[in-house]
Amino acid sequence: MGTTLQVVLTVSNGFDVVVCQTAAGAIVGSLAAFPGLATLVGCLRSGRRYIAQVTALNGTIVTVHVELAP
């Protein structure tokens, strides 16, 4: 926990996908199915940068806190 990841907008099969990646660019997961996802996509499209802080691990589910990048 406490790991900081970059939040990046990518396109997969013609769909926007928000992913979390390491500083080296390795994708470690995606953000999906939460209130505000469409707003986050719009903000990423407009050039805003975000980071995700890992707050909990539960098997294959990782909980993150997303905030504007410094």
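1. Let's start with A23, which counts as exposed because its relative accessibility is 74%, above the 50% cut-off for that word. You will find A23 in the loop between β2 and β3. Now look across to Q6: the two residues are 17 apart in sequence, and their C-alpha atoms are 6.8 Å apart in space. Please keep in mind throughout that this is a predicted model.

2. How confident is the predictor in the protein chain? The mean pLDDT is 93, and 100% of the residues reach 70 or more. Among the elements, helix α1 has the highest mean pLDDT, at 96, while strand β5 (residues 61-68) has the lowest, at 92.

3. Next, trace the chain from start to end. It contains one helix and five strands, and in sequence order the pattern reads β-β-β-α-β-β. When you turn the model on screen, try to spot each of these elements in that order.

4. What about the overall dimensions? Taken along the principal axes, the C-alpha atoms fill a box of roughly 30 × 30 × 25 Å. The radius of gyration is 12 Å, which agrees with the value near 11 Å for a compact globule of 70 residues. Buried residues make up 21% of the 70 residues. Take the contacts between residues at least 6 apart in sequence: 31% of them join residues at least 24 apart.

5. Is Q21 buried or exposed? Q21 counts as buried because its relative accessibility is 14%, and the cut-off for buried is under 20%. Its place is in strand β2 (residues 15-21). Leaving aside neighbours within four places in sequence, Q21 is in contact with L5, Q6, V8, A26, I27 and V28. Q6 is a name you have met already, as the residue whose C-alpha atom is 6.8 Å from that of A23.

6. L40 is another residue to click on. It lies in helix α1, which covers residues 37-45, and L40 is buried because its relative accessible area is 9%. Which residues does L40 contact, if neighbours within four places in sequence are left aside? They are V18, L31, F34 and Y50. V18 deserves a second look: it is 22 residues from L40 in sequence, and the two C-alpha atoms are 8.5 Å apart in space.

7. Now for the largest pocket, which has a volume of about 300 Å³. Of the 13 residues that line this pocket, C20, S30, L31, V62 and V64 are the closest to its centre. Strands β3 (27-31) and β5 each supply at least two residues of the lining. By type, the lining divides into ten nonpolar residues, three polar and no charged. L31 links this point to the previous one, since L31 is also in contact with L40.

8. Two backbone angles are worth checking. Most residues other than glycine have a negative phi. N13 has a positive phi, near 55 degrees, and A33 also has a positive phi, near 55 degrees. Where are they? N13 is found in the loop between β1 (4-12) and β2, and A33 is in the loop between β3 and α1. N13 is exposed because its relative accessible area is 75%; A33 is exposed as well, because its relative accessible area is 78%.

9. While you are looking at the loop between β3 and α1, find A32 there too. A32 counts as exposed because its relative accessibility is 53%, and the cut-off is over 50%. A32 and V17 are 15 residues apart in sequence, and the distance between their C-alpha atoms is 8.1 Å.

10. Finally, go back to the start of the chain. G2 is found in the segment before β1. At 48% relative accessibility it counts as partly exposed, because that label covers values between the 20% and 50% cut-offs. Which residues does G2 touch, not counting those up to four places away in sequence? The answer is Q53 and V54. The C-alpha atoms of G2 and A56 are separated by 8.7 Å, although these residues are 54 apart along the chain.

How values were computed:
Residues are numbered from 1 along each chain as its sequence is written. This is a predicted model: local features need pLDDT of at least 70, side-chain atom pairs count only at pLDDT 80 or more; totals for chains, interfaces and linings use all residues. Side-chain values use heavy atoms; hydrogens and water are left out. Helices (H or I, at least four residues) and strands (E, at least two) are DSSP runs, numbered from the N terminus. Buried means under 20% relative accessible area, exposed over 50%, partly exposed in between (1.4 Å probe, protein chains only). Contact means heavy atoms within 4.5 Å. pLDDT is the predictor's confidence in each residue, from 0 to 100. On a 1 Å grid over the protein atoms alone, a cavity is a set of points where a 1.4 Å probe fits but cannot get out, and a pocket is an open set with protein on both sides within 12 Å along at least five of seven lines; lining residues have an atom within 4 Å of a point. Grid points are joined across faces, edges and corners, and a volume is the space filled by probe spheres set on the points. Ala, Val, Leu, Ile, Met, Phe, Trp, Tyr, Cys and Pro count as nonpolar, Asp, Glu, Lys and Arg as charged, and the others, Gly among them, as polar. The radius of gyration is taken over C-alpha atoms; the globule rule is 2.2 Å times the number of residues to the power 0.38.
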